[in-house]
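Here is a short tour of one protein chain, written for someone who likes to keep the structure open while reading. Have the viewer ready and follow along.

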Amino acid sequence: MAPNRLLIGVRGATPKFLRSDDLGASWIDISAGIANLGGNSSLRITAGSGSVLFAAVINAGTINGVYRSPDLGVTWTALAVPAVHPGGQGAVNTALVADPNDANVVYLSGDRITAG
């Protein structure tokens, strides 16, 4: 990731993902294409290699969406949503980390994994 680039997820009445390419002097809303954003959403975002970003949306303690962007958040593709929060602790137990060597891999934590 570029040294001047920052990524954040903002909670509130209108949750959104933002990107800054100038250490926070200005911000770009990169939320278009991400579903399930609501007034109580918890958000996670991480940068992968190149221009790849990954984002997760957590509502009511459960992951409701995981997304991948190949172009710094201009477009997003929904990924499969794993069942990692049967205990409803997604707001506190979700972490999202992009693999530094493979732009197609993201690691996601949860409160536990359900057998299925």
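The report below covers strands, salt bridges, cores and surface in turn.

## What you are looking at

Please keep in mind that this is a predicted model. Residues are numbered from 1 along the chain, so you can find each one by its place in the sequence as written.

## The first strands

Let us begin with strand β1, residues 6–10, which is joined to β2 by five bridges. The two strands run antiparallel. If you would like one pair to find in the viewer, take Leu6, whose bridge partner in β2 is Ser20. β1 and β2 form a hairpin, with five residues between them. In the turn sits Gly12, with a positive phi of about 135°.

β2 also pairs with β3, again antiparallel, through two bridges. Here Arg19 stands opposite Ile28 in β3. Is β2 mostly buried or exposed? Four of its five residues are buried, so the strand is largely enclosed by the rest of the structure.

## A small network of charges

Side chains of opposite charge can pair when their charged atoms come close. In this model the count comes to two salt bridges. One of them is between Asp21 and Arg5, with the closest N and O atoms 2.7 Å apart. This pair links distant parts of the chain: Asp21 lies in the loop between β2 and β3, Arg5 in the segment before β1, and 16 residues separate them. Arg19 and Asp21 form a salt bridge as well, at 3.0 Å from N to O.

Salt bridges that share partners join Arg5, Arg19 and Asp21 into one network. How buried or exposed is each member? Arg19 has 9% relative accessibility and counts as buried, and Arg5, at 16%, counts as buried too. Asp21 is partly exposed, at 33%.

## The nonpolar cores

The largest nonpolar core has 12 residues: Leu7, Phe17, Ile30, Ile34, Leu43, Ile45, Leu53, Ala55, Val57, Tyr67, Leu72 and Trp76. Two elements, β4 (42–47) and β5 (53–59), give two or more residues each to this core. Which of the elements gives the most? That is β5, with three residues.

Leu53 is a good residue to select if you want to explore this core. Setting aside residues up to four places away in sequence, Leu53 touches Leu7, Ile30, Thr46, Ala47, Tyr67, Arg68, Ser69, Leu72, Gly73 and Trp76. Apart from this core lies another, of five residues, including Val52, Phe54, Ala56 and Ala98.

## Gly33 and its surroundings

Gly33 is in the loop between β3 (28–29) and β4. With a relative accessible area of 57%, Gly33 is exposed. Which residues does Gly33 contact, leaving aside its neighbours within four places in sequence? They are Tyr67 and Trp76, two residues that also belong to the largest nonpolar core.

You can also look at Gly33 together with Gly73. The two are 40 residues apart along the chain, and their C-alpha atoms are separated by 8.9 Å. Gly73 is also among the residues touched by Leu53.

## Loops with positive phi

Two residues other than glycine have a positive phi and are worth a look in your viewer. Asn36, in the loop between β3 and β4, has a phi near 70°. At 40% relative accessibility, Asn36 counts as partly exposed.

The other is Ala60, with a phi of about 50°. Ala60 is found in the loop between β5 and β6 (62–69). Its relative accessible area is 74%, so Ala60 is exposed.

## A nonpolar patch on the surface

Finally, turn to the outside of the model. Leu6, Ile8, Leu23 and Trp27 make a nonpolar surface patch of about 340 Å². Leu6 is the residue you met above as the bridge partner of Ser20.

Trp27 lies in the loop between β2 (16–20) and β3. Is Trp27 buried, partly exposed or exposed? With a relative accessible area of 37%, Trp27 is partly exposed.

Methods. This is a predicted model: local features need pLDDT of at least 70, side-chain atom pairs count only at pLDDT 80 or more; totals for chains, interfaces and linings use all residues. Side-chain values use heavy atoms; hydrogens and water are left out. A nonpolar core is a set of buried Ala, Val, Leu, Ile, Met, Phe, Trp, Tyr and Cys residues joined through side-chain atoms within 4.5 Å. Buried means under 20% relative accessible area, exposed over 50%, partly exposed in between (1.4 Å probe, protein chains only). Contact means heavy atoms within 4.5 Å. Patches are made of residues with over 30% relative accessible area and no salt bridge: like charges are joined within 9 Å, nonpolar side chains (Val, Leu, Ile, Met, Phe, Trp, Tyr) within 5 Å. Accessible areas come from the Shrake-Rupley method with a 1.4 Å probe; for residues, only the protein chains shown count as cover. A salt bridge is a side-chain nitrogen of Lys or Arg within 4 Å of a carboxyl oxygen of Asp or Glu. Two strands pair if DSSP finds at least two bridges between them.
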